[in-house]
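Work through the following exercises with the coordinates open, and compare each step of your reasoning with the solution given beneath it.

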Amino acid sequence: MSDIVPPEVRPKPAVPAKPPNVGAPTGHGTGQGHGGSHGAGVGSALLGYIGIDTIIEQMRKKTMKTGFDFNIMVVGNSGLGKSTLVNTLFKSQVSRRSAGWTRDEKIPKTVEVKAVSHVLEEGGVKMKLTVIDTPGFGDQINNENCWEPISKYINEQYEKFLKEEVNITRKKRIPDTRVHCCLYFISPTGHSLRQLDVEFMKRLSHSVNIIPVIAKADTMTMEERQEFKQRVRKELEMGGIEFYPQKEFDEDMEDKSDNDKIREAMPFAVVGSDKEYQVNAKRVLGRKTAWGIVEVENPNHCEFAQLRDFLIRSHLQDLKEVTHNIHYETYRAKRLHENGGLHPVSCNDTQESNL
Ligand SMILES: Nc1nc2c(ncn2[C@@H]2O[C@H](COP(=O)(O)OP(=O)(O)OP(=O)(O)O)[C@@H](O)[C@H]2O)c(=O)[nH]1
Ligand SMILES: [Mg+2]
């Protein structure tokens, strides 16, 4: 069942438009703010404040109550700093570091897929974070089909969701185990992408949001890093690899311009650490070397902060929406089509929010 979703069956993006000015302060009572009557001439001037904008607050309260799921997968050779980076991203020990394991324990004979969940809470919002690790990827003598168990896992989660969705008595909230984001770790060789990198991203980019990152960026000089980034970008383009945020899913000009900036800066060259050091009277996450401290969150040192802002602070909801509306929808359409075109009895098009 691997590679079940061929690129040609991808539907047109159906990502719902983001509400304008979400989170921006609203001018209560003015009745003529910029939210009122722009658009395709369908808005009408309001004579007074109605309270439409309170939907944002209502959504916020709901999210606070229910929390949300976020499932992140890490793929890349052993020792590239995958666990460390995820721990750095979420400022907690959400992924077990393998340092200290014996060699035999460390490298599995085949690629394994292991999911571990944690509940993180910040500002009253609960996130059920599942980190999906893929030990053994790229570590075999023959790595020919090592993307297969990963593709299988991704599709199995879509299948699980589909089965729940078509049940006659559906759960109010379908547990979401679908992979929202796959961080792909590129080895900081300074040369070029390996055959395996290209193969993996090519095969999987149509069923999951892939975000390539350059691992252990502190092992390269600034010049080497820039050159390597450029080369990788070129190779990704030449290989026709679509990474997240995919150009074809930009919703409007604003989205395109924001995402273009991100795409031009990718793949982010990152450094991870779960150790804190004192720098200028501040505690910072960093890596201590004989010639100084590499500060993980300092944009002059590496691009970790850019990755974190993009992944968590600006695009987390979009990653979930693209997973649901594009990748899962493609899988679902294909499966229902295989089913002789028969829609399961209770299937209706109302999508449940994952929030
Ligand atoms: N120089 C450098 N070392 C790092 C970085 N991130 C992690 N390390 C170190 O690299 C080693 C491996 O880190 P892990 O996070 O366990 O790597 P991993 O990819 O999860 O390894 P596996 O679980 O074995 O696949 C540890 O000694 C880390 O301290 C980094 O950004 N730069
Ligand atoms: Mg690890």
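**Exercise 1.** In which sense do β4 and β5 pair, and over how many bridges?

*Solution.* The model is a predicted one, in which local features need pLDDT of at least 70, side-chain atom pairs count only at pLDDT 80 or more, and totals for chains, interfaces and linings use all residues. Residues are numbered from 1 along each chain as its sequence is written, while chains are lettered from A and ligands numbered from 1 in the order in which they are written. Helices (H or I, at least four residues) and strands (E, at least two) are DSSP runs, numbered from the N terminus, and two strands pair if DSSP finds at least two bridges between them. On that basis β4 and β5 run parallel, joined by five bridges, and I186 is found opposite I214 in β5.

**Exercise 2.** Determine how well strand β5 (residues 210-214) is covered, and on which faces.

*Solution.* A residue is buried if 20 or more other C-beta atoms lie within 10 Å of its own, exposed if 12 or fewer, and partly exposed in between, with C-beta atoms placed from the backbone. By this count five of the five residues of β5 are buried, and the strand is mostly covered. In a regular strand the side chains alternate between the two faces of the sheet. Sorting the residues by face puts I210, P212 and I214 on one side and I211 and V213 on the other, and all are buried, so that both faces are covered.

**Exercise 3.** Contrast the surroundings of helix α1 (residues 55-66) with those of helix α2 (residues 82-89).

*Solution.* Begin with the length of α1: the expected span is 1.5 Å times one less than the number of residues, which for its twelve residues gives 16 Å, in agreement with the 16 Å between its end C-alpha atoms. The number of buried residues among these twelve is zero, so α1 lies largely in the open. In α2, by contrast, eight of the eight residues are buried, so this helix is largely enclosed by the rest of the structure. The cover over its buried residues includes β1 (68-75), β3 (125-133), β4 (181-186), β8 (282-289) and α8 (304-314). As for what follows each helix, α1 is succeeded by G67 with a positive phi near 75°, and α2 by K91 with a positive phi near 45°.

**Exercise 4.** Place D274 relative to α2, and state whether D274 is buried, exposed or partly exposed.

*Solution.* D274 belongs to the loop between β6 (268-269) and β7 (276-279), and because it has 17 C-beta neighbours inside 10 Å, it counts as partly exposed. Leaving aside neighbours within four places in sequence, D274 is in contact (C-beta atoms, placed from the backbone, within 7 Å) with T84, N87 and T88, which are among the buried residues of α2. D274 and K91 are 183 residues apart in sequence, yet their C-alpha atoms are 7.5 Å apart in space.

**Exercise 5.** Describe the sheet that contains β7, and identify its edges.

*Solution.* The sheet is open and has three strands in the order β7-β8-β9, paired antiparallel. The edge positions are taken by β7 and β9 (292-295), each with a single partner strand, so one side of each is left without a neighbour in the sheet. Four bridges join β7 to β8, and Q278 has R283 of β8 as its bridge partner.

Key. Contact = placed C-beta atoms within 7 Å.
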